[in-house]
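Me: I'd like a close look at a single part here, the ligand and what sits around it.

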Amino acid sequence: MGLVDLVTGRRGPSGFGSSSTAEDVTNGIDASNLTILITGGASGIGAEASRVLAMRGARVVIAARNLTAASEVKNAILAEYPKARIECLKIDLSSLSSVRSFAAEFLATKLPLNILINNAGIMMIPYELSPDGIEMQFATNHLGHFLLTNLLLDKMKETAKESGIQGRIVNLSSIAHIASYSGGIQFSHLNDKAWYSDTRAYSQSKLANILHAKELAMRFKAEGVDITANAVHPGFIMTPLMRHTFYIMRVLKFFSSFLWKNVPQGAATTCYAALHPSLKDVTGQYFVDSNKSNCSAYGRDPELAHKLWTFSQELIDKHSPS
Ligand SMILES: NC(=O)c1ccc[n+]([C@@H]2O[C@H](COP(=O)([O-])OP(=O)(O)OC[C@H]3O[C@@H](n4cnc5c(N)ncnc54)[C@H](OP(=O)(O)O)[C@@H]3O)[C@@H](O)[C@H]2O)c1
């Protein structure tokens, strides 16, 4: 999908385009046999995706760091769909110990897990280290999701096997991944303040989301695991994500309003990747406007994906309780 398609809303091969909403792309889909976990479902794209997934009958678990906001989203969905099945659990993706506690709490519920949507994110924040001493955007957007996914994989594999329904992992990336640091990922200077750029660090974390999905897809294929993993760019949507770039984004939107989506449109590609039946067996791909698209050369580099996996695992091992 190109710029013309984005601006005009012209539909692509999937039958959907930039103006399709999450309701459009899931129209007629019965998700009542699915349990879906979505991180950051308490605002923006995640809240709308949670609403539409619940509307299609799925049991939705919202993993949020702000449980009050998550409960408000849950209550709003229940007011609209009294039969919706929603739970809210606390997670702070920037903290490896919080991710571990969350996974333990989720696994203790004994719920199945068909679909994991790694949606939570922060953008272009001033330099900061996570509680584990890792650059904050990488820690939150990538590393927390990397650990979460690994901790939930056995549950997803078990669910796919027992239900006979292919599992899906959807990573929220961004077109911003194309503007990462030279080399793609700053393996040697990840936490180095002198090398830090708020925009490049965001782009790096979003590149990591793509590489993570690619490596998962490659591993699942090699192991014969019935789970797919894909990454999506949702479009440009004015959400609380922009809180650190509020004025710049307002000005940018003023001059480029034709490039922006509303929140229901912004949640479409996520819901398409999570639920659409045409994506059975489709894995390791990058979607924009609910259509397959091309990511950057770094995003397609299997060696970089493998290196990021090893690097992420080593970081986690270093911060594991002994
Ligand atoms: N909006 C866009 O134009 C755009 C474009 C490309 C990609 N994306 C991606 O889409 C995803 C969703 O973004 P959005 O626009 O919907 O933004 P949003 O409204 O700010 O939603 C992000 C969610 O992530 C949560 N979150 C942030 N840090 C967290 C942490 N440490 N632990 C747990 N949850 C945390 C936020 O919680 P709080 O409310 O507590 O902060 C919020 O609920 C992000 O991954 C973003 O990178 C968005």
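Which side chain has an N or O atom 2.8 Å from an oxygen atom of the ligand?

Reply: That's Arg65: an N or O atom in its side chain lies 2.8 Å from a ligand oxygen. Before going on, this is a predicted model, where local features need pLDDT of at least 70 and side-chain atom pairs count only at pLDDT 80 or more, while totals for chains, interfaces and linings use all residues. Residues are numbered from 1 along each chain as its sequence is written, and side-chain values use heavy atoms, with hydrogens and water left out.

Back to the contacts (a polar contact here is a pair of N or O atoms within 3.5 Å). Ile45 uses its backbone instead: an N or O atom there is 2.8 Å from an oxygen atom of the ligand. Asp92 has a side-chain N or O atom 2.9 Å from a ligand nitrogen. On its own the ligand exposes 890 Å², and the protein buries 95% of that (accessible areas by Shrake-Rupley with a 1.4 Å probe). Helix 3 (44-55), helix 7 (198-223) and strand 7 (236-237) are the elements that each give two or more residues to the shell (helices are DSSP runs of H or I, at least four residues, and strands are runs of E, at least two, numbered from the N terminus).

There are 30 residues around the ligand, and Ser43, Ile45, Asn119, Tyr202 and Thr239 come nearest (near means a heavy atom within 4 Å). By class, the shell has 13 nonpolar, 13 polar and 4 charged residues; Ala, Val, Leu, Ile, Met, Phe, Trp, Tyr, Cys and Pro count as nonpolar, Asp, Glu, Lys and Arg as charged, and the others, Gly among them, as polar.

Technical notes: Polar contact = N/O pair within 3.5 Å; in protein donor to acceptor, adjacent residues only side chain to side chain.
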